[in-house]
Amino acid sequence: MYQTLAERLNKIEVNDYSKLLKNSLTGLEKESLRVNTEGNISQRPHPIALGSALKNPWITTDYAESLLELITPPCDRAHHSLDFLLDVETFVYHHIKDELLWTSSMPCVIRGEDDISIAYYGSSNAGKMKSVYRQGLAERYGKLMQVIAGIHFNYSVPIDFWPAFQEIEGETAKAPQDFINERYMGMTRNIQRYGWLIPYLFGTSPAICKSFLAGIPKPESMEVFDDYTFYEPWGTSLRMGDIGYTNRKEDKRGIKANYNTMEAYIKSLRYAINTPHEAYEKIGLKKGDKYLQLNTNILQIENEYYSSVRPKRVLEGLEKPTDALERRGIQYVELRSVDINAFRPAGLTHQQLYFLELFMLFCLLQESPEIDAAEAKEIDDNQSLVAHQGRKPKLELQRNGKAIKLTTWANQLFDEMTGVAQILNSVHDETCYINTINSQRALVDDPDKTPSALVLDDIMNRDGSYYQFAKRKSEEHREYFLKRKLNQDIEKKLEQMAITSLQEQSQLEAEDTLDFDIFLERYFLGST
């Protein structure tokens, strides 16, 4: 049964179902490079005071030993997740001595790939697997792309909302989890369709350090600001552009995730995980006894597929993500296209979080047809165009085969989101959701107010280079966190988690006697 967004919202209100949305859950994952006082990537190991990178659920590492990842648990309000993130980052700053957390998505002062140490997770098989996977990424793509940092926004609607939504849609005969899977996959498709809006509004990486390209000629569209800085005059988020996270390399190797159904998504990723690729076979699986990659297939594991959105399920043990989805269905959706806001200590504002929450719910409730090959190309092209030229006057994107001005499409989306914002305002007795639409609309009306424009203004009129800008903001934020006092109970909780995680890693390593080759074989067979 086809319904418009307005019809859905009306039924939610008439049936008093809006209150069921009150307990939506949000979570944040923030990556930040540890650097020394000169902005060089830290060569120190992951601080032991922060616990085990393998077992601490709140403080871990991403690709590199120096690339911290701070993770919040699911929280009942978006601003609560930001509060938790602030507490975790305060705790981190109190234990990293004189180091800084780089407050921008794009790294600086990279003295070659040897400067980047792959994250170490101990001697257990699970720890070895994480490190080998990262070695595989280095062999396939190089290390530089892997130290780009960003923020992931996790979102789920309350489980109590689903039966009401199913009733509104007239699909009560369908198995509940099947309905949930279908609607979350529809949400992921809409996040891709409208996802160009996120780098436009939140992009904070219009410039890069020359060292990031490591001697590679700069892309033609980039301009030189000084001896150390390249920039895109109308750029918003080079992190999400052709020099950053992109699926284009995977596309050339025969993999494009299919988001039309959960089953198709799983099948497309499993195909890539189980299909050999000639270029990776040439690299080889091992050099002597040392693993160079987990396998020689198109993808080593699901996480290698870079995407702006992922449907997810919390894993049980060493479960593969596709197995978890197949067994228990989609639990939440992860938006991965948010730059670190260099102007704010936490890397995000409350207002930005309110918009993300609103955006995700809008994408769930909006009608979401399947994506064909032509639209998939439009989605990739729109993302790249906005990343590199998003603030260009009269910029046109492609929608259903026709050109449309970015400003026109953005304002249409804001108009459609208003009904969702009114429901969320009512549910929480707030005005923040309508307010955030007005604030984001102002950035479309005046591109000079966007974070990316403000970054370029500071680089050109205050700091003199991208490096100097990012270093200044990193130092400012360091002072903020060092002055910030943690609640005693929170501090004890974080300290205890660090201690417990180290104990858990030690226990795992003591008990782990299985040969690593056999461990990997069993993992890929799904029998670990």
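A nonpolar core is a set of buried Ala, Val, Leu, Ile, Met, Phe, Trp, Tyr and Cys residues joined through side-chain atoms within 4.5 Å. With that in hand, here are some exercises on the structure above, which is a predicted model.

**Exercise 1. The core and one of its hubs**

Find which residues touch the most other members of the largest nonpolar core, and which helix gives the core its largest share. Then list the contacts of Tyr466 beyond its neighbours within four places in sequence.

*Solution.* Start with the core as a whole: it holds 151 residues, and Met417 and Tyr466 touch the most other members. Next, look at where the members come from. Helix α11 (residues 350-365) supplies the largest share, twelve residues. Now centre your view on Tyr466 and leave out the neighbours within four places in sequence. You should find Trp102, Ser104, Met106, Pro107 and Cys108 among the contacts of Tyr466. Ala207, Ile208, Cys209, Thr229 and Ile459 complete the list. Keep Cys209 and Thr229 in mind, as both touch Tyr466 and both return in the next exercise.

**Exercise 2. A sheet of three strands**

Work out the strand order of the open sheet that contains β6, β7 and β8, and say which strands lie at its edges.

*Solution.* Follow the pairing from strand to strand: the order is β6-β8-β7, and the pairing is antiparallel. The edges are β6 (207-209) and β7 (223-224), since each pairs on one side only. Three bridges connect β6 with β8 (residues 229-231). Here the two residues from the first exercise meet again: Cys209 stands opposite Thr229 in β8.

**Exercise 3. A covered strand**

Decide how many residues of strand β5 are buried, which way their side chains point, and which strands pair with β5.

*Solution.* Begin with the accessibility of β5 (residues 151-156): six of its six residues are buried. In a regular strand the side chains alternate between the two faces of the sheet. Sort the residues by direction, then. Ile151, Phe153 and Tyr155 point one way, while His152, Asn154 and Ser156 point the other way. Every one of these is buried, whichever way it points.

Then turn to the partners. With β1, strand β5 forms six bridges in the antiparallel sense, and Thr26 stands opposite Tyr155. With β12, strand β5 forms four bridges, again antiparallel. In that pairing, Ile151 has Val338 as its bridge partner.

**Exercise 4. Salt bridges across the chain**

The whole structure contains 36 salt bridges. For the pairs Glu171-Arg183, Glu334-Lys312 and Asp415-Arg441, give the N to O distance and say which parts of the chain are linked.

*Solution.* Take the pairs one at a time.

- Glu171 and Arg183: the closest N and O atoms are 2.8 Å apart. Glu171 sits in the loop between α4 (161-168) and α5 (176-194), and Arg183 in helix α5, twelve residues away. Glu171 has a relative accessible area of 16% and Arg183 one of 14%; the cut-off for buried is under 20%, so Glu171 is buried, and so is Arg183.
- Glu334 and Lys312: the closest N and O atoms are 3.6 Å apart. Glu334 belongs to strand β12 (residues 332-338) and Lys312 to strand β11 (residues 309-312), so this bridge ties together parts 22 residues apart in sequence. Glu334 is buried at 1% relative accessibility, whereas Lys312 is partly exposed at 21%.
- Asp415 and Arg441: the distance is 3.0 Å, N to O. Asp415 lies in helix α13 (residues 406-428) and Arg441 in helix α14 (residues 432-445), so the bridge ties together parts 26 residues apart in sequence. Asp415 is partly exposed at 49%.

As a last step, look for shared partners. Arg8, Glu169, Glu171, Lys174, Glu182, Arg183 and Glu367 are joined by such salt bridges into one network.

**Exercise 5. Positive phi outside glycine**

Locate Asp16 and Asp429, give the phi of each, and classify each as buried, partly exposed or exposed.

*Solution.* Asp16 has a positive phi, near 60°, and lies in the loop between α1 (5-14) and β1 (25-35). With a relative accessible area of 42%, Asp16 is partly exposed. Asp429 also has a positive phi, near 55°, and its place is the loop between α13 and α14. At 73% relative accessibility, Asp429 is exposed.

Methods. Residues are numbered from 1 along each chain as its sequence is written. This is a predicted model: local features need pLDDT of at least 70, side-chain atom pairs count only at pLDDT 80 or more; totals for chains, interfaces and linings use all residues. Side-chain values use heavy atoms; hydrogens and water are left out. Buried means under 20% relative accessible area, exposed over 50%, partly exposed in between (1.4 Å probe, protein chains only). Contact means heavy atoms within 4.5 Å. A salt bridge is a side-chain nitrogen of Lys or Arg within 4 Å of a carboxyl oxygen of Asp or Glu. Two strands pair if DSSP finds at least two bridges between them.
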